[in-house]
Amino acid sequence: MGSRVLVTGGAGFIGYHLVRWLVRQGYDVRVLDNGRTGRLDRLEGIPEARSVTLLRGDITRPADVESACEGTDYVVHLAAQVSVVESMDRPDETWAINVHGTALLLEAARRCGVRRVVFASSCAVYGDGLEPPFRETDPPRPTSPYGLSKWMGERLAEFYTRVFRLPVVTLRLFNVYGPGQRADSPYASVIPRFIAALRQGVPMTVYGTGDQTRDFVFVEDVTRIIERAFHTSEADGLVINVGTGRPTSVNDLARLLQGLAGRSVGTRHEPPRPGEMLHAWADTTRLESVLGVSPANLTPLREGLARTWSEERRSDE
């Protein structure tokens, strides 16, 4: 295709899978990442890595962002502080990265004449008090600095589209999972934590009752949806849920993973973590009508978990 794409946070979990997908589609990819949570080394192992340029820089430094945006056609903004729990511990850092960093990125993209920006938001924007499935028109009630910071990023994205005519598509990602997701952090997501427990043969830690529900969407589906947004002008200025529309409880997830692994390690319960929502799954009407993505064509949870478990086990061999 010959188009150049900048992926901020491209060494992170979603970023790595996205970069790998984009180079396979013929894009010239530039990555801006500071290495704080991402793994810069694994980008070197991507087939056709010569099509990837790594810029080690920070989303909160204007000069780094400006130089990264120069000469790019599309920008995918993934760089963020992404943990709800961490944002409760360090809200000031969350504002700096997720709000100030997003403002710098959008302004640099405007000045550099970028054709379209895809901004990765989060279902944490919705918060509690709403009846799922969550619709993009529901009033946000975030319960964490992370959720609030993503909502502020959405407002910036809408403003830049409406006032400065910079085409920005906002994707509200639900619970993205897949191979290579970090479990070596106290803020890790539930699926990599459960898989780590299975690999170690220890009980899975469940925060709260385990009856809370989530909408788990496979990372490879997300990468394809992001690319589709590059070429969908009807999505400019919109917020679009990216999920399957199917809720799964944490307890059911634990049972499903143990069944796939063929081993039972049980669960142990800890108090709920502050700032986390009880129930969340997506209304996918806009995903289908605007981006043309049917939830029926997304990877079923059982299949995605089986692929994730298989790849993680292979890393033990």
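Strand E6 (residues 168-173) and strand E11 pair in the parallel sense, over four bridges. Welcome to a predicted model, in which that pair closes the strand order E3-E2-E1-E4-E5-E6-E11 of an open sheet. Below is a quick tour of the sheet, a helix that lies across it, and a packed pair of helices.

**The sheet**
- Seven strands build this open sheet, and their pairing is parallel.
- Strand E3 (52-56) and strand E11 (239-242) stand at the edges; each has a single partner strand, so one side of each is left without a neighbour in the sheet.
- From one strand to the next, the twist averages 20°.
- Looking again at E6 and E11, Leu171 stands opposite Ile240 in E11.

**A helix across the strands**
- Helix H7 (residues 219-230) lies across strand E1 (4-8), strand E4 (74-77), strand E5 (116-122), E6 and E11.
- The direction of H7 is at about 140° to E5.

**Helices H8 and H10**
- Helix H8 (residues 250-261) packs with helix H10 (residues 301-314) at an angle of about 55°, and their axes are 10 Å apart.
- Angles that are not under 35 degrees, over 145 or from 65 to 115 count as oblique, which means that H8 is oblique to H10.
- H8 and H10 have a right-handed crossing.
- On the H8 side, the contact is made by Leu253, Leu256, Leu257, Leu260 and Ala261.
- H10 contributes Leu301, Arg302, Leu305, Ala306 and Trp309 to this contact.
- By class, the residues of the contact between H8 and H10 are nine nonpolar, one charged and no polar.

How values were computed. Residues numbered from 1 in each chain as written. Predicted model: local features only at pLDDT ≥ 70, side-chain atom pairs only at ≥ 80, totals over all residues. Heavy atoms only, no water. Axes fitted to C-alpha atoms, helices over the stretch in contact; angles between N-to-C directions. Helix = DSSP H or I, 4+ residues; strand = E, 2+ residues; numbered from the N terminus. Left-handed = near helix turned anticlockwise from the far one by under 90°. Contact = heavy atoms within 4.5 Å. Nonpolar A, V, L, I, M, F, W, Y, C, P; charged D, E, K, R; others polar. Pairing = 2+ DSSP bridges.
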